[in-house]
Amino acid sequence: MGNVRVRFAPSPTGYLHIGGARTALFNWLWARKNEGSFILRIEDTDLKRSREEALGSILDSLRWLGLDWDEGPEKGGPAGPYFQSERIELYRQHAERLLASGRAYHCYCSPEELTERREAMRREGKAPRYDRRCRDLTPEERRALESAGRRSALRLKVPDTGTTVVRDVIRGQVSFDNSSMDDIVIMKSDGMPTYNFACVVDDATMGITHVIRGEEHLSNTPKQLQIYEALDLRPPVFAHVPMILAPDRSKLSKRHGATAVEEFREDGYLPEALVNYLALLGWSPEGGEEIIGRAQMIEQFDLDRISKTAAIYDIKKLTWINGHYLREADLEVVVDLMLPRLKRRGLADESQRGYLRDVIVAVRTRVRTLTELEDAVSYYFTDDFPYEEKGSRKYLLKDGVADLLREAAQCLAAVPDDHFTVEGTERAYRQLIADLGITGGKLIHPTRMALTGRTVGPGIFDVISLLGKRRVLERLNKAIDWVEAQREEP
RNA sequence: GGCCCCAUGGUCGAGUGGUUAAGACACGGGCCUUUCAAGCCCGAGACGGGGGUUCAAUUCCCCCUGGGGUCACCA
């Protein structure tokens, strides 16, 4: 597969969306698989919409996902510059060529006029099209328009007969009637190129071999093909990947919860999990693996295994995958990820690193995201937690529970400090259970409520040994007081 | 509306002219167990409809329906 060069070309108008992230991922995978180059190009020709912060955010997201680019912003490369706004001269040259060869012409219609005419046509029930009125202007007419101060855009002369066929690796051949194509604008009157034109010029001059992009671009492709043709340039291989839809089959938007990569990060998802999930959305490895690491992904990735159908994204599966990676992740990595989160909540700091490590080991099979982990870990770092309503009714506010907890406290108080371990405390508790002639649950459930405020969590002796004797006794006594106070009132 | 794309369980998806139509998430049940998870086992659940082609269509063709995309001096 020769020297593969692919690109991801976001416009800096917002955050990196999961759809864009997946497109970037597929490009990256294809480059890595073929030992080619993954190029990042910024499509900032729309002065009105481009924003400075958006660029940083997109770069951060890509870095976080581990999609490193070989050429592009902050990196440079032989095909630069990588910002379209810095390539204007190049577009002008190419436009000039088209003008010289008679494939392009000046159009003096103003955007307002065009919009007006379009709407008029629509009202008449006709397909809104450009009437090509500037196509055959005489030099005199042009001079007149120009001296009247009219600014002009450049349009491509698109043949009005014949068909343009897009050869797409995942969709086969798709034909479009040229007669349904407008004479597209290639240079705006402000001197900036339009998307389709800049895209073609850049892909061609950057030596892009494969254009892997979202399906929404499929209908742009015949226009681009016309530009390639007019410029006498060879088009790349196209691969239009299916869209990612929201659960209600509509286009993904903010009202469907997290859609930006940054949000997933904030919500406690791991990059490897998101990458794994995104890879599976529209592509599947031959062996059908669901959990697939980067290296394996690169090895197995292939354009011809990308599906044609739009996919609805399902946060449940992402969450499941994340849980898997969270459990498998290197413990120190998880600790590093958690420390800032706990710090932010005022729960822990660097000095508790060792303790945090032990706590994470105890709880991490029970959570699926870092955010869930924050919560699962909270009562190990603060005594200030509520007793879950349902749990306290079931385990705390029953007859004899206060006395039972008193026994429990006494029992654990008697365990020597150096035996206050999982084994040591369990031995003591089992003895107490036997002495009282009750089942284990009778003692364990109220204990869990007293120590954690919850009905669920790690094995109770893990909790006990983790918290340590002092805090266990304090919490037990606190619970006893609370139970008695509650039972007096109502 | 014109043009274009798509159509396998709730979701992601494998698959093929002849299969008991994979697997995963979610769901239900069980095992384990002090709880919840994790893990393991089991279960329910799909080829949108109608015509063709064929000995045989989920698979190939056409139509319909449904969904999506796109119709800018946005990208």
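This report looks at how a protein meets an RNA strand and at some of the salt bridges within the protein. The model is predicted.

**Around the RNA**

The surface near RNA strand B is made of 60 residues. Cys 109, Lys 188, Ser 189, Thr 365 and Arg 366 come nearest. On the RNA side, sugar and phosphate supply 72% of the atoms that come within 4 Å of the protein. By class, this surface has 21 nonpolar, 18 polar and 21 charged residues.

Some polar contacts can be named one by one. Ser 189 uses a backbone N or O atom, which lies 2.6 Å from a base oxygen of RNA strand B. Glu 43 uses its side chain: an N or O atom there is 3.2 Å from a sugar or linking oxygen of the RNA. Thr 455 brings a polar backbone atom 3.1 Å from a sugar or linking oxygen of RNA strand B.

Several elements give two or more residues to this surface, including α4 (111-123), β6 and α18 (440-452). Which element gives the most? It is α11, with four residues.

**One strand up close**

Val 174 sits in strand β6, which spans residues 172-177. Setting aside neighbours within four places in sequence, Val 174 is in contact with Thr 164, Val 165 and Val 166. Gly 441 is another matter. It is 267 residues from Val 174 in sequence, and the two C-alpha atoms are 67 Å apart.

**Salt bridges**

The count of salt bridges comes to 40. Three of them are listed here.

| Pair | Closest N to O distance |
|---|---|
| Glu 113 and Arg 117 | 3.9 Å |
| Arg 132 and Asp 160 | 3.8 Å |
| Arg 143 and Glu 140 | 3.7 Å |

Glu 113 and Arg 117 both belong to helix α4. They are four residues apart, about one turn of the helix. Glu 113 counts as partly exposed because its relative accessibility is 26%.

Arg 132 and Asp 160 link distant parts of the chain, 28 residues apart. Arg 132 lies in the loop between α4 and α5, and Asp 160 in the loop between β4 and β5. Is Arg 132 buried or exposed? Its relative accessible area is 15%, so Arg 132 is buried. Asp 160 is at 47%, so Asp 160 counts as partly exposed.

Arg 143 and Glu 140 are three residues apart in helix α5, so about one helical turn separates them. Arg 143 has a relative accessible area of 52%, so this residue is exposed.

Salt bridges can also share partners. Arg 7, Arg 41, Glu 43, Arg 87, Asp 202 and Asp 203 are joined this way into one network.

Conventions:
Residues are numbered from 1 along each chain as its sequence is written. Chains are lettered from A and ligands numbered from 1 in the order in which they are written. This is a predicted model: local features need pLDDT of at least 70, side-chain atom pairs count only at pLDDT 80 or more; totals for chains, interfaces and linings use all residues. Side-chain values use heavy atoms; hydrogens and water are left out. Contact means heavy atoms within 4.5 Å. A residue is near a molecule or strand if one of its heavy atoms lies within 4 Å of it. A polar contact is a pair of N or O atoms within 3.5 Å; within protein, one must be able to donate a hydrogen and the other to accept it, and residues adjacent in sequence count only if both atoms are side-chain atoms. Ala, Val, Leu, Ile, Met, Phe, Trp, Tyr, Cys and Pro count as nonpolar, Asp, Glu, Lys and Arg as charged, and the others, Gly among them, as polar. A salt bridge is a side-chain nitrogen of Lys or Arg within 4 Å of a carboxyl oxygen of Asp or Glu. Buried means under 20% relative accessible area, exposed over 50%, partly exposed in between (1.4 Å probe, protein chains only).
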